[in-house]
Amino acid sequence: MSQLEIKPKGVFSGYGASILLLLVALVYPFVVTSNYALDVGMLILFTAFLGQSWNIAGGFAGLLSFGHTIFFGIGAYCSAIMVATYGINPWMAWMLAIAFGAALGAIIGYLSFRFGLRGSYFALITLAFAEMFRVLADSSPITRGGLGILIPVKQGASQLQFADPRAFYFLALLLCLIGLGLAYWLKSSRFGARLEAIRENEDAARALGIHVLKEKIKCLALSGALAAAGGSFYVQKYLYIDPQLAFSVARSVEMLLVAMIGGAGTVFGPLIGAATLGVLAEVTRALSDAQGLSLVVYGTVLILIIGFLPNGLISLLRRGPRKQGGRHA
Amino acid sequence: MLEVIDLSKRFGGLYAVNGASIRVEQGQIVALIGPNGAGKTTLFATIAGFLKPDGGRVTFNGEDITGVPPHEICAKGMVRTFQITQPFSRLTVAENIMVGVHQHTANRREAREQAWEIAQYVGMGHLFDLPSTELTVAGRKRLELARALGTRPKLLLLDEVMAGLNPSEMSEIIGIIKGIRERGVTILLIEHVMQAVMSLAEQVYVLSEGKLIAEGPPEQVTRDPAVVEAYLGRNAAQLLEGQGHA
């Protein structure tokens, strides 16, 4: 009955490799000597986490958001306002920011999908939302306009500020693992199967009893919650947020880029994409100090991958394409 | 079981379905035939909740389901297949069927076991883990059927499952459809292949230009001058009539 084994597709081949990766990630902060190298590692994990948030909506359910930074920015501002203006405990603020992100995901999902916006129309509406939030944050007194919000320095674990720079590295690792866990759960649950069905063919999904609107809203709420968690993390790490940092197109693009380069709709795609782009950026920076060179390299890599590996780098790791021709009934 | 009363659907000023009434009794196989563009698929889509009717009612097991969305209709036990097959392309045959089965169970393993039984039943066991893009036309038609069966329907709406099949594939599918009925599933099918209609259906409705022009057992309907005329034109109808008298 080997026919009945469940092998979630898109899971990195073999647990061995995953465990090895995890060990590397755990040992890394104790091996590297500079804070800079530690930050590079932290940013790769963090970008992978944000990419995973995009991946859950864009990769699994085909909700191609082009403004995913909305959720990141909302999470960041929620945290910043609650902590800096109202003096709420940062951990508490983090949880509330996640709830805000989920709620915003549900609202944007309802507004877009209720009226049947799909594909590029949904991409445009999310882009518009992100711009709208940026303008609002730029002019509203609650967000202190273009000045941005500074979080007062109060060190201590209870304040979510740490003297040891490794703490944020491990926090980013934890976020990344949570993201991977959620993606793995999607690969092996009914909810995930339904999202994939919706991505592939909405009409067929409806005919087979799937409440498409409900599932899409749930999916965007989950994705929004993750990105908002990332926004909170960012604020606590850098103790500052402004409209440009929160709602820039560049961050939206980065989120979808790492997922697509690594492999959209797969568990490890965003991590692979973030690691590749992170290392590439460091290499180009080391080789030349020309401004913006890394962006040129990103662009070239993206073109190459879309041209030759449309399913992302992860497809290199799978043992060749499944060839089972010859048997065509 | 299914009652369609005076159903109409317009696109702009054009009636695609104009006052059609159909009855399907529990356990029957009923066929809906008619020339191309008669409105058969539109009628199906309207019954299954994909299109909102402009007039008339649909009841299923005595319950009014007019304008109810497709996923709710599916949950009540009526499911349709698509004439132009709509596979979940990047998923395997197994995963395609599991989407339907998940209507009843959230458990992946259980869903896969049930999908495996269905795949074998419709003769797709050897294709179980293939990506659905690798299927032939015949395979895709079967997949439509298999996915629909996964939802455990009481009434199955089949939209041209025979189109594009060769004679041996067709007789196999006819056997499968008969088997499905024997398991207690009622079937309403759209079909162009008259051989299939004759061997399957007890009751036939003929749709032409959005209107029902005939109904009855298949032998009777195929002799109906109005039906012959709809398919072949007035002269042919008169010609056949003449031969009948000669």
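Two residues are taken to be in contact if their C-beta atoms, placed from the backbone, lie within 7 Å. By that criterion, in this predicted model, 24 residues of chain A are in contact with 33 residues of chain B.

On the side of chain A that touches chain B, the helices α7 (190-200) and α8 (202-207) of chain A each supply at least two residues, and the largest share, 6 residues, comes from α7(A). Sorted by class, this side of chain A has 9 nonpolar, 8 polar and 7 charged residues.

Chain B contains an open sheet in which 6 strands follow one another in the order β6-β7-β8-β3-β9-β10, with mixed pairing. Its edge strands, each of which pairs on one side only, are β6 (78-80) and β10 (211-216) of chain B. Averaged over the sheet and with direction ignored, neighbouring strands are turned by 15° against each other. At the β6 edge, β6(B) runs parallel to strand β7 (residues 155-159) of chain B and is joined to it by 3 bridges; here B:Arg80 has B:Leu157 of β7(B) as its bridge partner. Towards the other edge, helix α9 (residues 225-232) of chain B lies across β9 (203-208) and β10 of chain B, and runs at about 130° to β10(B).

A further pairing in chain B involves strand β1 (residues 2-11) and strand β2 (residues 14-24), which pair in the antiparallel sense over 7 bridges. These two strands, β1(B) and β2(B), form a hairpin with 2 residues between them, and B:Gly12 in the turn has a positive phi of about 65°. Within this pairing, B:Leu2 stands opposite B:Val24 in β2(B).

The two strand pairs described above can be set side by side.

| Strand pair | Sense | Bridges | Residue pair |
|---|---|---|---|
| β6(B) and β7(B) | parallel | 3 bridges | B:Arg80 and B:Leu157 |
| β1(B) and β2(B) | antiparallel | 7 bridges | B:Leu2 and B:Val24 |

The largest nonpolar core has 173 residues, of which A:Ala172, B:Leu157 and B:Val206 touch the most other members. The largest share of this core, 14 residues, comes from helix α9 (residues 212-238) of chain A. B:Leu157 has already appeared as the bridge partner of B:Arg80. For A:Ala172, leaving aside its neighbours within four places in sequence, the residues in contact are A:Met42, A:Leu45, A:Phe46 and A:Phe49.

Definitions and conventions:
Residues numbered from 1 in each chain as written. Chains lettered and ligands numbered in written order. Predicted model: local features only at pLDDT ≥ 70, side-chain atom pairs only at ≥ 80, totals over all residues. Pairing = 2+ DSSP bridges. Helix = DSSP H or I, 4+ residues; strand = E, 2+ residues; numbered from the N terminus. Axes fitted to C-alpha atoms, helices over the stretch in contact; angles between N-to-C directions. Nonpolar A, V, L, I, M, F, W, Y, C, P; charged D, E, K, R; others polar. Core = buried A, V, L, I, M, F, W, Y, C linked by C-beta atoms within 7 Å. Buried ≥ 20, exposed ≤ 12 C-beta atoms within 10 Å, placed from the backbone.
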